[in-house]
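Reader: Hi! I'd like a close look at a single part of this one, please.

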Amino acid sequence: MASVLYAWGRWAVRRRGRVIGLWLLLLATIGALGTTLAGPTSTEFTVPGIESQQAQELLERKLPESVDGTARLVMAAPAGQSLDTPAARAAVGESLHRAAGIPGVVHVADPFESHSVSPDLRIAFADVQFDRPAHDVPQSAKDALTDATAPLREAGLQAEFGGSVMEPAFEVGGPAEVIGVLVAFAVLAVALGSLVAAGLPLLTALVGVGIGVLGAQLLANVVEMTGTATVLALMIGLAVGIDYALFIIARHREQLAEPGSEIEESAARATATAGSAVVFAGATVIIALAALAVTGIPFLTVMGLAAAATVLLAVLVAVTLVPALLGLLGERLRPRPKAKAAAKPARSWSAAWARAVTRKPLLVLLVGVVGLLALALPARDLRLGLPSNASQPAASTQHKSYDLLSEGFGPGFNATLVAVVDATGIPADRRESALTELHATLSADPGVAAVGRPIANADGSTVAVPVVPRTGPDDRATSDLVDRLRAHKADVTASGGTLYIAGATAAAIDVSGKLADALPLFVGLIVVLALALLTVAFRSVLVPLKAVLGFLLSVAAALGVTVWVFQDGHLNGLLDIPSAAPVTSFLPVLLIGVLFGLAMDYEVFLVSRMREHHQHTGDAAGAVAHGVARSGRVVTAAALIMVAVFGGFVFNHDPIIKSIGFALAVGVFIDAFVVRMTLVPAAMALLGARAWRLPRWLDRITPDVDLEGAGLPAAEVRPAAKAAERV
């Protein structure tokens, strides 16, 4: 691999004008198409085959009006006042009249006629139904609906919105994300000691991310894609794009600090050595993200493939565009003499850290493992779900409508279920009695607050019955209620029908259950994959085993901290989390896939330097100190960049993006600084020379990928003046 990348890097330097031009042309083309022809994104997380989805498909076929987009207008009078006054009724009537005139609206329910007014007459809601699915309702209609509530506000009433039509869109690029990028730039400037060199990884990362994200928006025209998919691609693509360029640039500047080094030769060697590690590490991230397809969940598959494609672009940019820019900038990237002296590995803080953690390696291992297990303890109570409007920002209209509905109609009103009956097999003369029996059965459950009026299609073959629980959508008791209601299937089946328990709350429960079932298979696949890849990379058995155990500790600790914050409700004020809720159902799978790739990044960059030194000297103890001293600075910088980029998304208003950003930031921090920079050197010091042993039979069948560039030709040494002339 190193020999191929060496030749490739030299070619990119010599043809730098063409390489840079081609990337800019690709960015401009994809950018223009992705901006002007961007496809729609969805906020729905559906899974084929689950019961709630089967019910949804049945309703779409037999009772389509029940699944069209709905906006729920929630109205409230000030405390101590009532909606049942002439002025309030007039304002309500005028607002509903305006809403009925919006293009696409087919029905507006009057709360006084539909009995959707709270017992104290202070809070009411009106459902505004459209003639199309929620994702097809144009923004102009949503804006007109908001404007229609002007009479309510003028009368001193509160007007808020919920419902599928008013789901908030995903937004990125806010101040917090920008601050994260600025922090990354500051870290790069300190790590590389040059503003020019610091700007280079940001520039190349933006090229790869721009093509990846805009390309994903273009593909949304032919593939159903959630807004989370594009945000995840941006988040991961930006982080790895910066890191991969940093590894190559840092190696290039380290080589340029040597007397007589030549620009083209150094760029080619940096591409061959650090580039080999980039390709290998990137491949692990890509495979891990693509492996999300084994869950059998389409939205998660698309999410993983979109992020994997962006990582692939980051790798290609790193081994083509980066060496081309290294050649273009030439001597401007050569460290100053002062920087050279400061960069002596033996005198660096990373060398001092290596000596500290290897002085008493067993004690370091015990303290580190016990500490990570303590952080992982809250994960024992992990509950999965999808965020409701309670998780939206406290100032948002969705959160306010949620609170008003809970106050006026009880917490379970926001968790309304739908009992869907396929009555095709029930004789027409028995359908009414069967539904009456079902209504009585549902009402008798202690967890049910109310059962609504059945809604049937024209021939009565499909019926939807609203069921209001006593508890909210995030309450464990609501999940138990869904299980109990589904236990009544046999009663309906006996009469010839089929019962489904559906609705947004049931769908969230079903998706979470499906993901929980897929988790063991995914973890097993990742572990086997890690062992195989690292065995190839390091030609060792113990090094991969140690790396995988460290990765599992990192995942467990990151999940534990995430549960402690988001599910248990700690630090809510500091992180602007509106309410405690179950962890996003697909976050554990996503965290495992992404963190696996990133953990292997740091493992490869750190341990490959150890192996390189051990191959040259045979000194196992010295190899540990050398590897940390040489790679510690750049691995630390790379991890801080990752934490900064992911941390910027913690302050995104969307609850899903917020939790993903937090989990990844915590996971990278733990894995890089506790596992890779602390536990790995300690473990390697304990293992000694045994770490690099490989059974003969396994050695014969394991390919040699040469990450360290041992097969490269001897370096050409040219006078500095001649090198400058050549560039």
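What is the order of the strands in the open sheet? And could you walk me through strand β2?

Author: Sure! A quick heads-up: this is a predicted model, where local features need pLDDT of at least 70 and side-chain atom pairs count only at pLDDT 80 or more, while totals for chains, interfaces and linings use all residues. Residues are numbered from 1 along each chain as its sequence is written, and side-chain values use heavy atoms, with hydrogens and water left out.

The open sheet has 4 strands in the order β3-β4-β2-β5, paired antiparallel. Its edge strands are β3 (105-108) and β5, each pairing on one side only. On average, neighbouring strands here are turned by 25 degrees against each other, direction ignored. Helices (H or I, at least four residues) and strands (E, at least two) are DSSP runs, numbered from the N terminus, and two strands pair if DSSP finds at least two bridges between them.

Now for β2, residues 70-76. On one side, 7 bridges tie β2 to antiparallel β4 (residues 123-130): Thr70 has Gln129 as its bridge partner, and Met75 sits opposite Ala124. β2 also pairs with β5 (residues 158-162) through 5 bridges, again antiparallel, with Arg72 opposite Gly162.

How covered is β2? Mostly: 5 of its 7 residues are buried (under 20% relative accessible area; exposed is over 50%, partly exposed in between, with a 1.4 Å probe and protein chains only).

Two helices lie across β2 as well. Helix α4 (residues 86-100) lies across β2, β3 and β4, at about 160 degrees to β3. Helix α5 (residues 139-147) lies across β2, β4 and β5, at about 150 degrees to β4. For these angles, axes are lines fitted to C-alpha atoms, for helices over the stretch in contact, and angles run from 0 to 180 degrees between N-to-C directions; contact means heavy atoms within 4.5 Å.
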